[in-house]
Amino acid sequence: MATSHTMWAEYVDPGEPGAVKWWHMVREGDGNVAMCGKEMGDGVERRSDREWGNTAEPSCHTCGAMYLREVPYRAAA
């Protein structure tokens with residue numbers, strides 16, 4: 001069975017929605033803890049994991065490395 005993931009925003013000003021500093025990946029069932037171990041805030045912007053690597057803002061390297069080891073390769077459609 002495939003694991004579901006969601007991208008969560010880390011804001012430049014913690015606790016204040018606005019500019020995104022980093023995107024982190026959270027595994028379904030892990031509450032609000034990103035794959036890198038960072039505890040994410042409640043109410044932050046979330047996006048589909050399909051947007052990983054396709055945002056203007058950078059993505060967490062550690063989350064990315066772990067995420068890419070868990071998901072199957074998705075060939076371009």
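Visitor: Where should I begin with a residue such as A9, and does A9 count as buried or exposed?

Guide: The general idea is to look at the relative accessible area, where a value under 20% counts as buried and a value over 50% as exposed. In this model, which is predicted, A9 counts as buried because its relative accessibility is 1%. A9 has its place in strand β1, and six of the seven residues of that strand are buried, so β1 is largely enclosed by the rest of the structure.

Visitor: Which residues is A9 in contact with, once its neighbours within four places in sequence are left aside?

Guide: A contact is read from the distance between heavy atoms, and with those sequence neighbours set aside A9 is in contact with V20, W22, W23, M40, V44 and E45. For one of these, V44, there is also a C-alpha to C-alpha distance: A9 and V44 lie 35 residues apart in sequence, yet 5.8 Å apart in space. For the protein chain as a whole, residues 24 or more positions apart account for 52% of the contacts that have a separation of 6 or more.

Visitor: What pattern does the protein chain follow when it is read along the sequence?

Guide: Reading along the sequence, one meets the pattern β-β-β-α, which is to say that the protein chain has three strands and one helix. Of its 77 residues, 31% count as buried.

Visitor: In what order do the three strands stand in the sheet?

Guide: The order in a sheet has to be read from which strands pair with which, and here the three strands form an open sheet with the order β2-β1-β3 and antiparallel pairing. The edge strands, each pairing on one side only, are β2, residues 20-27, and β3, residues 46-48. Neighbouring strands of this sheet are turned against each other by 30° on average, when direction is ignored.

Visitor: How many bridges join β1 and β2, and how many join β1 and β3?

Guide: Strands β1 and β2 pair in the antiparallel sense over seven bridges, whereas β1, which covers residues 5-11, pairs with β3 over three bridges, again in the antiparallel sense. To follow a bridge by eye, you can start at A9, whose bridge partner in β2 is W23, and then go to T6, whose bridge partner in β3 is S48.

Visitor: Which strands does helix α1 touch where it packs on the sheet?

Guide: Helix α1, residues 61-70, touches β1 and β2 as it packs on the sheet, and its direction makes about 35° with that of β2.

Visitor: How should I read a pair of aromatic rings?

Guide: A pair of aromatic rings is described by the distance of the centres and the angle of the planes. A search of the whole structure finds one aromatic pair. The ring centres of W52 and Y67 are 6.0 Å apart and their planes stand at 55°, so this pair is tilted. Since W52 lies in the loop between β3 and α1 while Y67 lies in helix α1, the pair ties together parts that are 15 residues apart in sequence. Both residues are buried, W52 at 14% relative accessibility and Y67 with a relative accessible area of 2%.

Visitor: Which residues have the most contacts inside the largest nonpolar core?

Guide: That core has 17 residues, and those with the most contacts inside it are W23, M25, W52, C63 and Y67. Two or more residues are given to this core by each of the elements β1, β2 and α1. If you turn to W52 and leave aside its neighbours within four places in sequence, its contacts include M7, W23, M25, C63 and Y67.

Visitor: What lies over the face of W8?

Guide: Here one looks for a charged side chain above a ring, and R46 lies over the face of W8, at 3.7 Å from the ring centre.

Visitor: Are G37 and D42 buried or exposed?

Guide: Both have their places in the loop between β2 and β3. G37 is exposed, with a relative accessible area of 52%, and D42 counts as exposed at 72% relative accessibility. The C-alpha atoms of G37 and T62 are separated by 9.2 Å, although these residues are 25 residues apart along the chain. In a similar reading, D42 and G15 are 27 residues apart in sequence and 8.7 Å apart in space, C-alpha to C-alpha.

Methods:
Residues numbered from 1 in each chain as written. Predicted model: local features only at pLDDT ≥ 70, side-chain atom pairs only at ≥ 80, totals over all residues. Heavy atoms only, no water. Pairing = 2+ DSSP bridges. Helix = DSSP H or I, 4+ residues; strand = E, 2+ residues; numbered from the N terminus. Axes fitted to C-alpha atoms, helices over the stretch in contact; angles between N-to-C directions. Contact = heavy atoms within 4.5 Å. Buried < 20%, exposed > 50% of the residue type's maximum accessible area, 1.4 Å probe, protein only. Phe/Tyr/Trp six-rings, centres within 6.5 Å; stacked < 30°, edge-to-face > 60°. Lys NZ or Arg CZ within 6 Å of the ring centre and 35° of its normal. Core = buried A, V, L, I, M, F, W, Y, C linked by side-chain atoms within 4.5 Å.
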